[in-house]
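Biologist: I'd like to learn how to read helix packing and pockets in a protein model. Could you walk me through it?

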Amino acid sequence: MSQNDSVQSARRVIATECEGMVALEQSIGSDFAETIERLSRLEGRLICAGVGKSGHVARKIAATLASTGTPAYYVHPTEASHGDLGMIAASDAVLALSKSGETKELGDLIAYCRRFGVPLIAMTAQPDSTLGRAGDYRLFIPAAPEACGETRAPTTSTTLMMALGDALAVALLETRGFTASDFKTFHPGGALGAALASVGDIMHAGEAVPLIGADAPMSDVLIEMTTKSFGCAGIVDEAGKLAGIITDGDLRRHMGAGLVDQRAGDVMTAGPRTGEAGMLAADALRLMTAGQPKIIQLFIVDDARRPVGILHLHDLLRVGLK
């Protein structure tokens, strides 16, 4: 196969799957809404099951649901037939995936749901299949052609199942009012956990914050900056509100024999950028680096603009943000 043939083959696969996705988007309706309504009231867990490629998709759907506030896990249908059915409680629901709807390994799982009244959600391309008929709630994927027409290997169908699983997770997330703060609870590690951390979790507070009054002599400002080691000092007015900031750059710009005799309010840069303790760390990084000039220190203030903390660019880098 030539390089050009490979490119054309890849484009054909993607085009085929895109057509399937369009058909899936257009097919979403009352069945999906009823499924979301039932799952939003679920007291137990959502058990995802499938065999082969559908099993891999079921695992992914379970992982996405679990990370977005819907307790879920994967059970292999064969293992379910050999004891793992005991993991499924009456308060749970089962999401079973099978393109054909005739996967034999799902038989015992379907029978178990019928016997004990466990809600069964069927995800299949065949409404009249065994799985399609057995489902209390049914999520149909379009009978779109597989991207590999010669072998009919699961390609388009698994893409559609995965997309439908994502749609389930996001719709449930929005229905339950799941927030970034909730999401962070399940993602404490890595860059994602860092991005979802709040500024209040990272900032320096209390006595560590370099603050000094606007009438203070610059000799006191220099001591405050040196002692706190942030390369800056926040200048506050008589009401304790942040009036300005003095950085190492301000010192260089005002360098001269009379610097130490000046007042902080004469040297400061007024109206510095500020953040809030409740904002996401990722938003703080954007605030510090997206504007001009870029800054490396950010004072955190309350609603009355009183300083409650300070954030340094190194703090964001330390927790994994880039």
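Modeller: We'll take helix packing and then pockets, keeping in mind that this model is predicted.

Biologist: How are two packed helices described?

Modeller: Two packed helices are described by the angle between their axes and the distance between the axes. Try it on H1, residues 3–27, and H7, residues 156–176: their axes come within 9 Å and cross at roughly 40°.

Biologist: What word goes with H1 and H7, then?

Modeller: Angles under 35 degrees count as roughly parallel, and those from 65 to 115 as roughly perpendicular. H1 and H7 are therefore oblique to each other. The crossing of H1 past H7 is right-handed.

Biologist: Which residues make the contact?

Modeller: On H1, look for Thr16, Glu17, Gly20, Met21 and Leu24; on H7, they are Thr156, Thr159, Leu160, Ala163 and Leu164. Sorted by class, the contact of H1 with H7 has 5 nonpolar, 4 polar and 1 charged residues.

Biologist: At what angle do H2 and H7 pack?

Modeller: H2 covers residues 30–40, and its angle to H7 is about 55°, with the axes 10 Å apart. That makes H2 oblique to H7. The H2 and H7 crossing is right-handed. From H2, Phe32, Thr35, Ile36, Leu39 and Ser40 meet a set of H7 residues that includes Leu164, Ala167 and Leu168. This contact of H2 with H7 splits into 8 nonpolar, 3 polar and 1 charged residues.

Biologist: Now pockets. How much space lies in the largest pocket, and what lines it?

Modeller: For a pocket, check the space first and then the lining. The largest pocket holds about 390 Å³ of space. Its lining has 16 residues, and Ile245, Thr247, Pro293, Lys294 and Ile295 lie nearest the centre.

Biologist: Which element gives the most to that lining?

Modeller: That's H12, with 4 residues. Strand E8 (242–247) and helix H12 (248–253) each supply at least two. By class, the lining of the largest pocket has 5 nonpolar, 6 polar and 5 charged residues.

Biologist: And how much space lies in the second largest pocket?

Modeller: About 150 Å³. Here you meet H7 again: H7 gives the most to this second lining, with 3 residues, and both H3 (53–67) and H7 supply at least two each. Among the lining residues of the second largest pocket are Lys53, Ser54, Ser157, Thr158 and Met161.

Biologist: How does the lining of the second largest pocket divide by class?

Modeller: The lining of the second largest pocket has 4 nonpolar, 6 polar and 2 charged residues.

Key. Residues are numbered from 1 along each chain as its sequence is written. This is a predicted model: local features need pLDDT of at least 70, side-chain atom pairs count only at pLDDT 80 or more; totals for chains, interfaces and linings use all residues. Side-chain values use heavy atoms; hydrogens and water are left out. Axes are lines fitted to C-alpha atoms, for helices over the stretch in contact, and angles run from 0 to 180 degrees between N-to-C directions. Angles under 35 degrees count as roughly parallel, over 145 as roughly antiparallel, 65 to 115 as roughly perpendicular and the rest as oblique. A crossing is left-handed if the near helix is turned anticlockwise from the far one by less than a right angle, and right-handed if clockwise. Contact means heavy atoms within 4.5 Å. Ala, Val, Leu, Ile, Met, Phe, Trp, Tyr, Cys and Pro count as nonpolar, Asp, Glu, Lys and Arg as charged, and the others, Gly among them, as polar. On a 1 Å grid over the protein atoms alone, a cavity is a set of points where a 1.4 Å probe fits but cannot get out, and a pocket is an open set with protein on both sides within 12 Å along at least five of seven lines; lining residues have an atom within 4 Å of a point. Grid points are joined across faces, edges and corners, and a volume is the space filled by probe spheres set on the points.
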